[in-house]
Amino acid sequence: MKIAVLPGDGIGPEVTREAVAVLECLALPGLTLFEGDVGGAAYHRHGHPLPAETLDMARAADAVLFGAVGDPTCDTLERHLRPEQAILGLRKELGLFANLRPARVFAGLEHLSPLRADIAASLDMLIVRELTGDVYFGAKGQRVNADGEREGWDAMSYADHEVRRIAHVAFRAAAASGWKLTSVDKANVLETSQLWRDVVVEVAAEYPGVTLDHMYVDNAAMQVVSHPDRFGVVLTGNLFGDILSDLASAAVGSIGLLPSASLGERQTAHGTFGLYEPIHGSAPDIAGQGKANPMATILSAAMMLRHSFGREAEAARIEAAVSAALADGVLGGDLGGSHGTAAIGEAVRARL
Ligand code: IPM
Ligand code: MG
């Protein structure tokens with residue numbers, strides 16, 4: 001079980017340390033960890049946010065545990081040298097097109113949500129976000145237009161096969177959970193979305209047991225905070241998924257609680273190769289202060305055990321330990337509590 005650990009920038013190293021300690025605490029036989037540089041940290045050390053050694057290490061592993069990237073001192077660099085390019089490069093190079101972002105309000109923690117408690121209680125969804133296409137990876141640039149004015153442009157596109165394979169991931173998740181599937185697009189305006197919708201309808205024919213509906217992304221944003229019970233599995237593209245997953249996490253109460261898995265097609269000896277990361281960023285404002293909530297990264301490690309190592313029992317143990325810690329009032333600053341990074345990590349390990 002080879003895991004490449006890429007802590008990255010800001011709070012990345014602090015939260016990753018706690019997740020690694022949780023994995024080590026399970027004393028799984030054959031667990032081997034490698035650590036690599038990524039993001040601004042890698043740029044400062046090697047002159048590139050995603051050095052070749054890091055990419056090779058990720059390729060040689062069965063799974064990647066990723067912290068966060070983002071470093072304000074790199075904001076003025078050329079785009080290809082900015083820390084964010086490291087995570088985008090890893091997703092693309094490793095073929096990780098399927099991003100699973102579960103969002104649910106933990107029982108008893110409805111009061112942490114900015115939503116009314118009865119609405120918050122019904123929030124339990126899985127966002128399946130396409131991760132290697134869309135306007136993120138299209139041609140882009142800046143130019144001077146015919147009027148002599150500066151203009152920025154980014155091309156949005158999806159090919160049939162890109163929509164089809166992510167749709168299958170979402171349909172399988174819906175079939176397995178019994179949840180309905182909502183495909184989110186902007187087909188009333190965008191051709192990319194029209195193709196998306198057409199392909200999703202075609203794939204649906206293979207899953208007669210799954211209830212499918214379609215929703216425009218603006219309506220979906222509204223429904224996430226007004227009627228979250230309308231969602232089970234949400235299938236959407238890269239850009240809309242980026243936005244909706246932050247919205248869903250804010251509705252849960254904190255971005256510090258939500259994990260993610262990014263999967264491709266490659267199978268390893270134990271499961272599907274994947275990259276696991278909290279959905280929060282590097283939070284430079286609190287970096288190095290021992291304040292960050294490591295729960296999202298710890299829960300990402302649980303997803304890793306489930307999807308890449310076939311260790312459902314251990315994954316469920318970690319999730320139960322996090323829920324128990326939360327229920328016992330082990331709350332980080334993001335949740336209005338005063339527990340620090342190390343204390344939260346210890347509290348979770350104590351409940352394993
Ligand atoms: C995320 C992040 C990334 C994204 C950034 C860091 C490039 O916001 O994982 O959601 O936009 O995908
Ligand atoms: Mg995001």
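**Close-up 1. Gly 329, just past the end of helix α11.** Right after α11, Gly 329 adopts a positive phi of about 85°. As with everything shown here, this comes from a predicted model.

**Close-up 2. Helix α11 from one end to the other.** This helix takes in residues 312-327, so to speak a run of 16 residues. From first C-alpha to last it reaches 22 Å, close to the 22 Å expected at 1.5 Å a residue.

**Close-up 3. The two sides of α11.** Here's the buried set: Glu 314, Ala 315, Ile 318, Ala 321, Val 322, Ala 325 and Leu 326. Why do they sit on the same side of α11? Because they cover an arc of only 135° around the axis. Flip to the other side of the helix and you'll find Ala 313 and Ala 327, both exposed.

**Close-up 4. What covers the buried residues of α11.** Three helices are included in that cover: α1 (12-25), α10 (295-309) and α12 (341-350).

**Close-up 5. Glu 162, a buried acid in helix α6.** Glu 162 belongs to α6, which runs over residues 160-177. Although Glu 162 is buried, it has no salt bridge. The nearest side chain of opposite charge is that of Arg 165, 4.7 Å away, and a salt bridge has to be within 4 Å.

**Close-up 6. The surroundings of Glu 162.** Which backbone nitrogen does the side chain of Glu 162 reach? That of Ala 159, at 2.8 Å. Leaving out residues up to four places away in sequence, Glu 162 also touches Glu 130, Thr 132, Gly 133 and Ser 157.

How values were computed. Residues are numbered from 1 along each chain as its sequence is written. Chains are lettered from A and ligands numbered from 1 in the order in which they are written. This is a predicted model: local features need pLDDT of at least 70, side-chain atom pairs count only at pLDDT 80 or more; totals for chains, interfaces and linings use all residues. Side-chain values use heavy atoms; hydrogens and water are left out. Helices (H or I, at least four residues) and strands (E, at least two) are DSSP runs, numbered from the N terminus. Buried means under 20% relative accessible area, exposed over 50%, partly exposed in between (1.4 Å probe, protein chains only). Lys and Arg count as positive and Asp and Glu as negative; His and the chain ends are not counted. A polar contact is a pair of N or O atoms within 3.5 Å; within protein, one must be able to donate a hydrogen and the other to accept it, and residues adjacent in sequence count only if both atoms are side-chain atoms. Contact means heavy atoms within 4.5 Å. The expected span of a helix is 1.5 Å times one less than its number of residues. The arc is that of the directions from the helix axis to the C-beta atoms.
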